[in-house]
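Take this as a tour to follow in a viewer, one selection at a time. Each stop says what to select and what is there.

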Amino acid sequence: MNVHEYQAKQIFKEYGVPTPRGIVATTPEEAVEAAKELGGNIWVVKAQIHAGGRGLGGGVKLAKSLDEVKQLASEIIGMTLVTHQTGPEGKLVQKVYIEEGADIKDELYLGIVLDRAKEMPVIMASTEGGMEIEKVAEETPEKIIKVAVDPTIGFQGFHGRELVFGLGITDKDEQKKFISFAQKLFAIYMDKDVELIEINPLIKTGSGDFLALDGKMGFDDSALYRHPEIEAMRDISEEDPDEREASQYGLSYVALDGEIGCMVNGAGLAMGTMDAINYMGGTPANFLDVGGKANAETVAKGFEIILKNPKVKAIFVNIFGGIVRCDRIANGILEATKMVDVHVPVIVRLDGTNAPEAAEILKNAKIDNVIAAEDLADGAAKAVKAAKGEL
Amino acid sequence: MSILVNKDTKVIVQGFTGKEGSFHAEQCINYGTNIVGGVTPNKGGQEHLGKPVFNTVKEAVDATDATVSMIFVPPAFVADAVMEAADAGIELAVIITEGAPVKDMMYAKMYATKKGMKTIGPNCPGIITAEECKIGIMPGMIFKKGNVGLISKSGTLTYEASNQVVKEGLGITTAVGIGGDPIIGLSYKQLLPMFEADPETEAIVMIGEIGGDLEIQAAAYIKENITKPVIAFIAGQTAPKGKRMGHAGAIVSGSAGTAKEKMEALEAAGVHVVVSPADIGKKVAEVLKK
């Protein structure tokens, strides 16, 4: 689960990570009130969406008067912001964050993620703040300092020293401030079951203070049950409604741009099914894992979600029954055809536990557009043909 | 022969009396697995599925000499269960549970390593030595005995691959589902040498997916150390970047962890890489008949 910049900064503040002062607003009037409350004569109006690259997309603007705050806020709220992370369809901006202006001397980068090879968190820092960090990693990897922290000992002084010497911070007072900054950020990472925390840019001000000018955070979904305060920050409007609906039924769904809807049990086989369709010259319309708890209701729901996509010309149901019994899936398919208007051909391949019973159920049902497949290759081939109208 | 487990392996079940634990423990017993008991706190002294129930893993190990534990406890209690098993001297913990917090597994695996306990999973189908010992949730009937070793991040792709291999008239020595979480126990790099050393295994199938770099590490290891033929499939060639595909670890971050880079690394290491998962069995047969 991801949160907005203003929410990440709330968490930063709780832990004493220095950030500029700011207030969130949902209307231009609120934006002006926020600017008045913050005081000063320069403000930044920042679009709040779950995607990076907001500045380049025109979602972050500087205002030098209250009138300008109002004007910029009215432009940004309600705009569809397109960045390299939103996809071409962009995202609707519903909130802006009004922040006091900052005196930027240097722009740095600081992030913490899980290092999957080392199996511990790694702090990443760079002097190349404000740039896309993936680009820095690709072009000048030597400019990213990586410090892995064994969680059983936690953030120690030496971790901090590796960071400041790596970044070339020589002033002792600044070193102390930066180390304290990184240490607090690490505490957030561990306490809140964070998956990714990124500050880009982290700025050094003219007076040698470090401030989190941006804040991006993602959390481990499996650990949200023990963080109700984070769960409360969920912004449903930022999530794909179909993916969300699917997850409420225990299904894992990701929309793609192709023509063949897929319903599969198991994430690996679901990806493999997409690959098999691609290999046969077709295009998958989605990833859908019905999981280990599939029953008639969830399968029917799966059909409903797949069929919402008008591009779908055929559906390939590929089930290898281990925990999920094939007869259950077969009953789900039958029920689905009663609940939803399945107007496209459905290729069904059921193998594994109770496969013969499942075949019997489907055969006895005699539904025209349900076509049985023998195996994965046969199913993928038939689905591709069906999508082309050749079956 | 086989790797890690066989018909003599003594297995206990943590989360023995729960719904999932009961269902699958019974299936394992029916398969022939030597399940010697189980652990459910506050149910010690009872009998379940004809086997004794203990309050703690320590008691279970003392009474039964079990060396392997199959773990079915709910996600919030997985780390505790794994560490309890390690503390009690269990040699291998097979963690079936899906949805354990990553941080919990980070600590649990560190402690297991410190205690010398191997782990498989979490979020995996388990391990099966064909026609001898099934420790997990896979449908046992599709794993016929043979000479192919199998390592996979995905449960259902393991079944798919085994089914294809069996249809070719071949079979499986041991199949290990290593799981698709960001932090997992035994991986390709630790399992490959076990299959290399197993006299019955003549070929190894490895199934990977997008995310992380375990397959890349495996490629480097294979190039230097593995003489038996390896057949590989990487799932997620058509997966979009930045999207999590079901498994917590199956995500392409930036440009790292793509199927393409993994397939290229494996090919460069002399591995027989198939593009479609429907071709795994055929490729194994082709390689072994050469």
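A residue is called buried when its relative accessible area is under 20%, and exposed when that value is over 50%. The cut-off is needed at two of the stops below. The model on screen is a predicted one.

**Stop 1: chain A as a whole**

Select chain A and show it as a cartoon. Chain A holds 13 helices and 18 strands. Along the principal axes, its C-alpha atoms fill a box of roughly 80 × 50 × 40 Å. Of its 391 residues, 53% count as buried. Now consider contacts in chain A between residues at least 6 apart in sequence: 68% of them join residues at least 24 apart.

Next, colour chain A by domain. The assignment gives domain 1 as residues 1-19 + 104-239, domain 2 as 21-101 and domain 3 as 241-387. Select domain 1 and domain 3 of chain A together; their centres, taken over C-alpha atoms, are separated by 41 Å.

**Stop 2: A:Asn200**

Stay in chain A and select strand 10, residues 194-205, where A:Asn200 has its place. Is A:Asn200 buried or exposed? Its relative accessibility is 19%, so A:Asn200 counts as buried, the limit being under 20%.

Show the side chain of A:Asn200 as sticks, together with the backbone of A:Gly130 and A:Met131. Which backbone atoms does this side chain meet? A polar atom of the A:Asn200 side chain lies 2.7 Å from the backbone nitrogen of A:Gly130. The side chain of A:Asn200 also reaches the backbone oxygen of A:Met131, at 2.8 Å.

To see the rest of the surroundings, leave aside the neighbours within four places in sequence. A:Asn200 is then in contact with A:Leu108, A:Tyr109, A:Gly129, A:Gly130, A:Met131, A:Ile133 and A:Asp214.

**Stop 3: where chain A meets chain B**

Show both chains and select the residues in contact across them. Chain A gives 49 residues to this contact and chain B gives 56. The size of an interface is often given as the accessible area lost when the parts come together. Between chain A and chain B the buried area is about 3,900 Å², and carbon and sulfur atoms give 61% of that.

How many salt bridges does the rule find across the interface of chain A and chain B? There are 6. For one salt bridge to look at, select B:Lys103 and A:Asp193, whose closest N and O atoms are 3.7 Å apart. The count of residue pairs in polar contact between the two chains is 12, with both residues at pLDDT 80 or more.

Now keep only the chain A side of this interface. Among the elements that give two or more residues to it are strand 8 (120-126), helix 4 (133-139), helix 6 (172-191) and helix 9 (267-279) of chain A. Helix 9 of chain A supplies the largest share, 10 residues. By class, the side of chain A that touches chain B has 22 nonpolar, 12 polar and 15 charged residues.

**Stop 4: the two domains of chain B**

Hide chain A and colour chain B by domain: domain 1 is 11-120 and domain 2 is 138-289. The C-alpha centres of these two domains of chain B lie 26 Å apart. In the contact between them, 10 residues of domain 1 touch 11 residues of domain 2.

The area buried between the two domains of chain B is about 840 Å², of which 69% comes from carbon and sulfur atoms. The rule finds 0 salt bridges across this interface, and 2 residue pairs in polar contact, both residues being at pLDDT 80 or more.

On the domain 1 side, the elements that give two or more residues are helix 4 (102-115) and strand 7 (118-120) of chain B. Helix 4 of chain B gives the largest share of that side, 4 residues. By class, that side has 7 nonpolar, 1 polar and 2 charged residues.

**Stop 5: B:Lys109**

Bring chain A back and select B:Lys109, which is found in helix 4 of chain B. Why does B:Lys109 count as buried? Its relative accessible area is 17%, and the limit is under 20%.

Show the side chain of B:Lys109 with the backbone of B:Ile184. The side chain of B:Lys109 reaches the backbone oxygen of B:Ile184 at 2.9 Å. Not counting residues up to four places away in sequence, B:Lys109 touches B:Thr119, B:Ile183, B:Ile184 and B:Gly185, as well as A:Glu119 in chain A.

Conventions: Residues are numbered from 1 along each chain as its sequence is written. Chains are lettered from A and ligands numbered from 1 in the order in which they are written. This is a predicted model: local features need pLDDT of at least 70, side-chain atom pairs count only at pLDDT 80 or more; totals for chains, interfaces and linings use all residues. Side-chain values use heavy atoms; hydrogens and water are left out. Buried means under 20% relative accessible area, exposed over 50%, partly exposed in between (1.4 Å probe, protein chains only). A polar contact is a pair of N or O atoms within 3.5 Å; within protein, one must be able to donate a hydrogen and the other to accept it, and residues adjacent in sequence count only if both atoms are side-chain atoms. Contact means heavy atoms within 4.5 Å. Domain bounds come from an automatic or database domain assignment. Buried area is the accessible area (1.4 Å probe) that two parts lose on being put together, summed over both. A salt bridge is a side-chain nitrogen of Lys or Arg within 4 Å of a carboxyl oxygen of Asp or Glu. Ala, Val, Leu, Ile, Met, Phe, Trp, Tyr, Cys and Pro count as nonpolar, Asp, Glu, Lys and Arg as charged, and the others, Gly among them, as polar.
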